[in-house]
Amino acid sequence: MKKTIAGTEVDVNEEGYLTDMSQWNEQIAAAIATEEGLAALTDAHMKVVRYLREQQAKGAALTIRSMGKSGVVTTKELYDLFPGGPLKKASKISGIPKPVGCI
Amino acid sequence: MNKHLLILGGGTAGTMMTNHLRRRLPAHEWRMTVVDRSDKHLYQPGFLFLPFGKYEESDIVRQTRDFIPHDVEFLQAEVDLLKPEDHAVALKDGRELHYDVLIVATGCRTAPEETEGMLGPKWRVNVHDFYTLDGARALRDKLKSFEGGRVVIHINEMPIKCPVAPLEFTFLADTFFRERGVRDKVTLTYVTPLSGAFTKPKAAKKLGHLLTDKGIELVTDFVAEKVDQEINKLVCFDGREVPYDLLVTTPTNMGDEAVRRSALGDDLDFIPTHKHTLQSIEYPDVFVIGDATNLPASKAGSVAHFESETLTDNVIRHIQGEPLKEEFDGHSNCFVESGNGKALLIDFNYEYEPHEGNFPFAFGPMKLLEESRLNHLGKLAFRHIYWNVLLRGWPLPGISRQKKKPVEA
């Protein structure tokens, strides 16, 4: 389905995740962050976002372990940056799919 | 001319590949060897039922040798190093095996040591697992005498083998305690690092009610920093705590330690593999199948089965110098126990999430993504199909290696 975020029309799924990561930009990230209850996107947030987008572009699976090992952010910091659900929130803001199970 | 095809791992995937390829490779040209550290073949879906006393060990343990053709050599040995540069595999007993084509089917293992405190003094006292035979057995003994309290079913991190099994365990535990008349003395809590028990929209919509109906509490987005065995609590990186009297955890899953020693895997020791051909990304004479791969498919027997059909064709093509088929589509098909003698059937691949419809034919007889007694009977009957059809590398009637496109409702 289509949705206009920060003045740009993008394709999203039922839960508001971008289905085409190339449609993403930093204004869209900021708008989604606000929707997710974040006060602002700081440099620390953006470091995570850029890392996630690089990994996704490489086809690597998004896991807490790979993020913790990346040196970009520790798991604790990740929870501080994206309270409540770091993986689902960070991936939504980054314009990539959230990690899922098989059902 | 005598060439050598070497298969590491005599589990589900390795055994199927052995049977497939022995029929396809002329014995006077190709000798074949299977290596596994164990001489026992375990029917792993049985680990889900063993803790509840529904299966006995004799139902789920067989001799590996009985499933491997006589003209294939079986070595019970521990692999030390894979040396793809040399077309060789070193065994821990000092022997070195040389191959022309290698199939890695070394599976995955649980790694409780990856989580702080998990392997403390109460491991298998009130901190249990069911993905190993020892673990399932210890949990069975624990459940026999469990009179009530907080039961917490936990997934440590993804990916895990048979990703629905912890949820099935939760549903079966609900039925188990109900049948024993103690359900009102037990709380059941399902703790997951994902955003829900069901994360795919169609399944979430259709099945989300199951947890509420059964009175199962759900804790999501929970990544365990540690298991605090002194106070019997799971602790999340954000400080949340989940107290338990009995913790049934699914520890981190990792590939075989030989993969790590050989520096051939990713962070979790899974081997980078082409998602459609099953060839190793790095080494053309090496193929990877089943739980050992890093594919974004489920780690499950049905996946290994579908992979084995494509991989058999691709090994033959590779030997003949023909281009490989980019055929494997992530197809997975599993029965999901939902308790009370019922089960669901799900069918999906890389592209399509589990959906409703008939299976395996346009008219059924089974229904996808819907609870039924027939599906539960199917799951129980599957054990016989596993030993007699699947492991032997025979096709399953009506079930194609590639997923059939869902019929739009």
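**Entry 1: overall dimensions**

I began with the size of chain B: for 409 residues a compact globule would have a radius of gyration near 22 Å, and chain B has 21 Å, so the two agree. The model I am looking at is a predicted one. I then took the box along the principal axes, which the C-alpha atoms of chain B fill at roughly 70 × 50 × 40 Å. I listed the secondary structure of chain B as 9 helices and 24 strands. Of its 409 residues, 48% count as buried. I also looked up sequence separation: among contacts in chain B between residues at least 6 apart, 66% join residues at least 24 apart.

**Entry 2: the parallel sheet**

I followed an open sheet of 5 strands in chain B, with the order E5-E2-E1-E9-E20 and parallel pairing. Strand E5 (73-76) and strand E20 (286-288) are the edges; each has a single partner strand, so one side of each lacks a neighbour in the sheet. From one strand to the next the twist averages 20°.

Within chain B, I checked the pair made by E1 (residues 3-8) and E9 (residues 101-104), which is parallel over 4 bridges. There B:Leu8 is opposite B:Val104 of E9(B). Helix H1 (residues 12-24) of chain B lies across E1, E2 (30-36) and E9, and I noted its direction as about 170° to E2(B).

**Entry 3: the core**

I looked up the largest nonpolar core and found 129 residues in it. B:Met17, B:Val104, B:Ala105, B:Ile289 and B:Ile346 have the most contacts inside this core. Helix H4 (residues 165-179) of chain B gives the most to the core, with 7 residues.

I took B:Ile289 as a sample and left out residues up to four places away in sequence. B:Ile289 touches B:Ala13, B:Met17, B:Ile103, B:Ala105, B:Leu278, B:Ala304, B:Glu307, B:Ser308 and B:Leu311.

**Entry 4: two hairpins**

I went to strands E6 (residues 79-83) and E7 (residues 88-91) of chain B, which pair in the antiparallel sense over 4 bridges. B:Lys83 is opposite B:Ala88 in E7(B). The two strands make a hairpin with 4 residues between them, and B:His87 in the turn has a positive phi of about 55°.

Next I followed E7(B) to strand E8 (residues 96-98) of chain B; this pairing is antiparallel over 3 bridges. B:Ala90 has B:Glu96 in E8(B) as its bridge partner. The hairpin of E7(B) and E8(B) has 4 residues between the strands, and B:Gly94 takes a positive phi near 100°.

**Entry 5: B:Phe130**

I located B:Phe130 in the loop between strand E11 (127-128) and helix H3 (133-144) of chain B. Is B:Phe130 buried or exposed? I counted 25 other C-beta atoms within 10 Å, so B:Phe130 is buried, the cut-off for that being 20 or more. With neighbours within four places in sequence set aside, its contacts are B:Phe47, B:Leu48, B:Pro51, B:Gly135, B:Ala136, B:Leu139, B:Phe169 and B:Val248. I also took the C-alpha separation of B:Phe130 and B:Ile399, which is 29 Å for 269 residues along the chain.

**Entry 6: the side facing chain A**

I closed with the interface, where 24 residues of chain B are in contact with 20 residues of chain A. Helix H5 (201-207) and strand E22 (342-348) of chain B each supply at least two residues of the chain B side. Sorted by class, that side has 15 nonpolar, 4 polar and 5 charged residues.

Conventions: Residues numbered from 1 in each chain as written. Chains lettered and ligands numbered in written order. Predicted model: local features only at pLDDT ≥ 70, side-chain atom pairs only at ≥ 80, totals over all residues. Pairing = 2+ DSSP bridges. Axes fitted to C-alpha atoms, helices over the stretch in contact; angles between N-to-C directions. Contact = placed C-beta atoms within 7 Å. Rg over C-alpha atoms; globule rule 2.2 N^0.38 Å. Buried ≥ 20, exposed ≤ 12 C-beta atoms within 10 Å, placed from the backbone. Core = buried A, V, L, I, M, F, W, Y, C linked by C-beta atoms within 7 Å. Nonpolar A, V, L, I, M, F, W, Y, C, P; charged D, E, K, R; others polar.
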